Amino acid sequence: MATFTADTSTTRPVYDRNSPYGRTDFYGNFLDLINLPTIPKLADDQFFTVNKTYQFRPDLLAFDLYGDAALWWVFAVRNPNIIRDPVFDMKPGVKFFLPKKQTITAALGI
Amino acid sequence: MANLSQPDGSAQSGSFPSNFNAGPASPASVAATDASSARLASSNINRGAVASAAPSAGSVFNLNFISTNGTALPTEADWRVRISMAPATANLFYASTNPILGPLYQTNGVIFPYTPTIDISHQARWNPTTVTHSNYNSYFYEGSEVSSITIRGEFTVQNIQEGQYLMAAIHFFRSCTKMFFGQSTLAGTPPPVVYLDGFGKAYFPRVPCVVQSFNHQMPAEVDYITVPVGADLNLNNTAGQPINVSGYAIPQRLPTASSLSVTLQPIYSRTNIQNNFTLEGFSRGALLGNGFI
């Protein structure tokens with residue numbers, strides 16, 4: 001009976017820790033199921049209402065808040081019940097909590 | 001390692017930029033951060049997603065005396081205890097441009113954020129004369145006076161704004177115990193007159209006073225925090241981030257809770273007493289406008 005063997009001969013991409021795939025394991029050349037980090041929900045997280053400036057632009061919001069556009073996905077992880085689509089749910093009027101920079105630094109180890 | 005392009009065109013890889021902080025931006029990053037700052041300001045959020053300094057938890061100051069429905073009330077309607085100056089004198093002390101006393105400009109003098117303890121006594125001096133072969137002394141009226149008023153209040157410092165205000169209050173009372181001296185154009189003028197208001201116009205009707213003594217206690221059993229003194233109130237510093245005090249302010253350690261007491265002596269000019277005071281007028285409250293108590 002043939003068994004599946006992962007191909008480890010090719011070079012795999014490396015994801016930084018500020019990437020949503022930073023903690024996801026590989027199975028051969030393939031990404032395993034995504035393993036998103038947990039971002040703590042703190043009582044003093046700021047409440048934010050999306051305006052036209054940041055409409056569909058989580059990368060711009062992440063850059064302005066944290067100085068790193070690659071953290072575009074942290075808003076969806078912090079607010080899973082509000083933001084299902086990390087880009088197209090960023091519509092004007094949508095309200096969600098902003099994780100603080102210190103929180104993200106600690107959670108992602110960056 | 002993936003190279004991630006930022007909206008400003010710079011490369012970034014897995015860590016926060018070294019120049020990313022709440023302090024003044026370096027010249028190289030000014031263009032990028034200005035656009036960011038403008039977007040953040042228009043969206044009412046702060047860099048780092050932290051709360052603003054002023055409305056942070058526990059803030060007790062309502063500097064502009066905002067009513068519960070959100071409208072700003074005039075200073076005259078403010079019932080808080082306030083020690084202020086005449087407008088011309090105030091410009092010499094707590095003008096908005098004064099780097100250390102500037103915070104007092106917002107409140108037109110020192111207000112006590114918590115209700116202070118106030119001791120005030122009114123005295124009539126009746127001198128007893130012992131009469132020979134009498135069961136009782138005879139009393140002859142000598143004069144009346146209002147003794148010095150002692151005000152003791154608590155101050156807490158939980159953010160930059162409150163720290164700057166406490167330091168301003170301390171420095172203000174220090175200044176009020178000293179005369180104009182030396183090369184000053186006002187040299188020889190005694191310490192300034194201050195005015196005491198509070199609890200409404202009937203209790204302290206803008207009483208003219210001089211500061212006899214001032215005491216501030218730096219307690220040993222409370223925490224101390226660093227506050228930039230002498231800086232613009234519109235700081236970029238926000239709660240939860242390290243305070244950048246270099247270059248534009250004096251770092252000052254202040255107690256998170258302390259008490260301040262000041263002794264005021266009501267003082268009236270002879271002209272005011274001679275021309276305006278009558279007991280009939282005083283008793284019906286007609287002289288409150290002259291500051292008589």
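**Group meeting: chains A and B**

Let me start with contacts in chain B. Take the pairs of residues at least 6 apart in sequence: 67% of those contacts join residues at least 24 apart. One caution before going on: this is a predicted model.

Now the make-up of the chain. Chain B has 13 strands and six helices. It runs to 293 residues, and 39% of them are buried. The exposed area of chain B is about 16,100 Å². Carbon and sulfur atoms supply 53% of that area.

On to the cores. The largest nonpolar core holds 44 residues. Six residues have the most contacts inside it: Ile83(B), Ile151(B), Phe172(B), Val194(B), Leu196(B) and Leu264(B). Which elements of chain B give two or more residues to this core? The strands are β3 (82-85), β4 (110-111), β8 (149-156), β9 (194-198), β10 (204-217), β11 (224-229) and β13 (257-266), and the helix is α4 (160-176). Helix α4(B) makes the largest contribution, with 10 residues.

Look at Leu264(B) in detail. Leave out residues up to four places away in sequence. Leu264(B) then touches Ile83(B), Ser148(B), Ile149(B), Ile151(B), Val194(B), Leu196(B), Cys209(B), Val210(B) and Val211(B). There is also a second, separate core, with 25 residues. Among them are Phe48(A), Ala62(A), Leu71(A) and Phe96(A).

Back to helix α4 of chain B, and to one polar residue there: Ser175(B). Is Ser175(B) buried or exposed? Its relative accessibility is 19%, and buried means under 20%, so Ser175(B) counts as buried. What does its side chain reach? The side chain of Ser175(B) comes to 2.7 Å from the backbone oxygen of His171(B). Set aside neighbours within four places in sequence, and Ser175(B) is in contact with Phe93(B) and Pro192(B).

Last, the surface of chain A. Tyr15(A), Tyr21(A), Leu31(A), Ile34(A) and Leu36(A) make a nonpolar surface patch of about 420 Å². Where does Tyr15(A) lie? Tyr15(A) is in the segment before β1 (26-27) of chain A. Why can Tyr15(A) be called partly exposed? Its relative accessible area is 33%. Partly exposed covers what falls between under 20% and over 50%, so Tyr15(A) belongs there. Patch residues need over 30% relative accessible area, so at 33% Tyr15(A) meets that cut-off too.

To recap: a core of 44 residues, with 10 of them from α4(B); a separate core of 25 residues; and a nonpolar patch that includes Tyr15(A).

How values were computed
Residues numbered from 1 in each chain as written. Chains lettered and ligands numbered in written order. Predicted model: local features only at pLDDT ≥ 70, side-chain atom pairs only at ≥ 80, totals over all residues. Heavy atoms only, no water. Patch = residues over 30% accessible without salt bridge, like charges linked within 9 Å, V, L, I, M, F, W, Y side chains within 5 Å. Areas by Shrake-Rupley, 256 points an atom, 1.4 Å probe, with all protein chains shown as cover. Salt bridge = Lys/Arg side-chain N within 4 Å of Asp/Glu carboxyl O. Helix = DSSP H or I, 4+ residues; strand = E, 2+ residues; numbered from the N terminus. Buried < 20%, exposed > 50% of the residue type's maximum accessible area, 1.4 Å probe, protein only. Core = buried A, V, L, I, M, F, W, Y, C linked by side-chain atoms within 4.5 Å. Contact = heavy atoms within 4.5 Å. Polar contact = N/O pair within 3.5 Å; in protein donor to acceptor, adjacent residues only side chain to side chain.
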